[in-house]
Amino acid sequence: MPNPCSVNSGHPFLDSPMSRFTFLYEEGETKVSYSFHNIYCPEIVEHFKQFVLACGFFETGVMSSMATMVEEYEAMEEKRAQSSLSD
């Protein structure tokens with residue numbers, strides 16, 4: 001099976017180095033490698049989620065962690081917006 005990151009799609013953005021992703025998980029002799037081409041954030045996040053699930057994490061834990069990261073980001077952005085208003 002060819003490596004999906006070595007196959008050219010003919011699309012100028014999809015074939016750029018910034019569109020090639022490889023996630024690698026190693027534990028002892030076990031390796032999980034997941035490679036793909038994409039430029040769309042929602043699909044990249046979905047690929048990452050699938051990779052983490054393939055590594056043995058439970059979907060509820062993955063989704064909970066992602067929700068926590070979003071909440072932390074939103075709180076940080078709110079603080080940033082408030083500090084820029086006070087300047």
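This section describes helix α1 and the aromatic contacts around it in a predicted model.

Helix α1 comprises the 14 residues 41-54. At 1.5 Å a residue, a span of 20 Å is expected for this helix, and the computed distance between its end C-alpha atoms, 20 Å, agrees with that value. Four residues of α1, namely I44, K49, F51 and V52, are buried. These residues cover an arc of only 160° around the axis and therefore lie on the same side of α1. An α-helix has 3.6 residues a turn, so residues three or four places apart point the same way. On the other side of α1, P42 and A54 are exposed. The buried residues of the helix pack against strands β1 (20-27) and β2 (30-37) and against helix α2 (59-86). Just after α1, G56 adopts a positive phi of about 105°.

Aromatic pairing is also found in the model, with seven pairs in the structure. One of these is formed by Y34 and F51, whose ring centres are 6.5 Å apart and whose planes enclose an angle of 40°, a tilted arrangement. Because Y34 belongs to strand β2 and F51 to helix α1, this pair ties together parts that are 17 residues apart in sequence. The two partners are described by separate accessibility values: Y34 is partly exposed, with a relative accessible area of 27%, whereas F51 is buried, with a relative accessible area of 7%. Both residues belong to one aromatic cluster, which is formed by F21, F23, Y34, F36, F48 and F51.

Notes: Residues are numbered from 1 along each chain as its sequence is written. This is a predicted model: local features need pLDDT of at least 70, side-chain atom pairs count only at pLDDT 80 or more; totals for chains, interfaces and linings use all residues. Side-chain values use heavy atoms; hydrogens and water are left out. Helices (H or I, at least four residues) and strands (E, at least two) are DSSP runs, numbered from the N terminus. The expected span of a helix is 1.5 Å times one less than its number of residues. Buried means under 20% relative accessible area, exposed over 50%, partly exposed in between (1.4 Å probe, protein chains only). The arc is that of the directions from the helix axis to the C-beta atoms. Contact means heavy atoms within 4.5 Å. Rings of Phe, Tyr and Trp (its six-membered ring) pair if their centres lie within 6.5 Å; planes under 30 degrees apart count as stacked, over 60 as edge-to-face and the rest as tilted.
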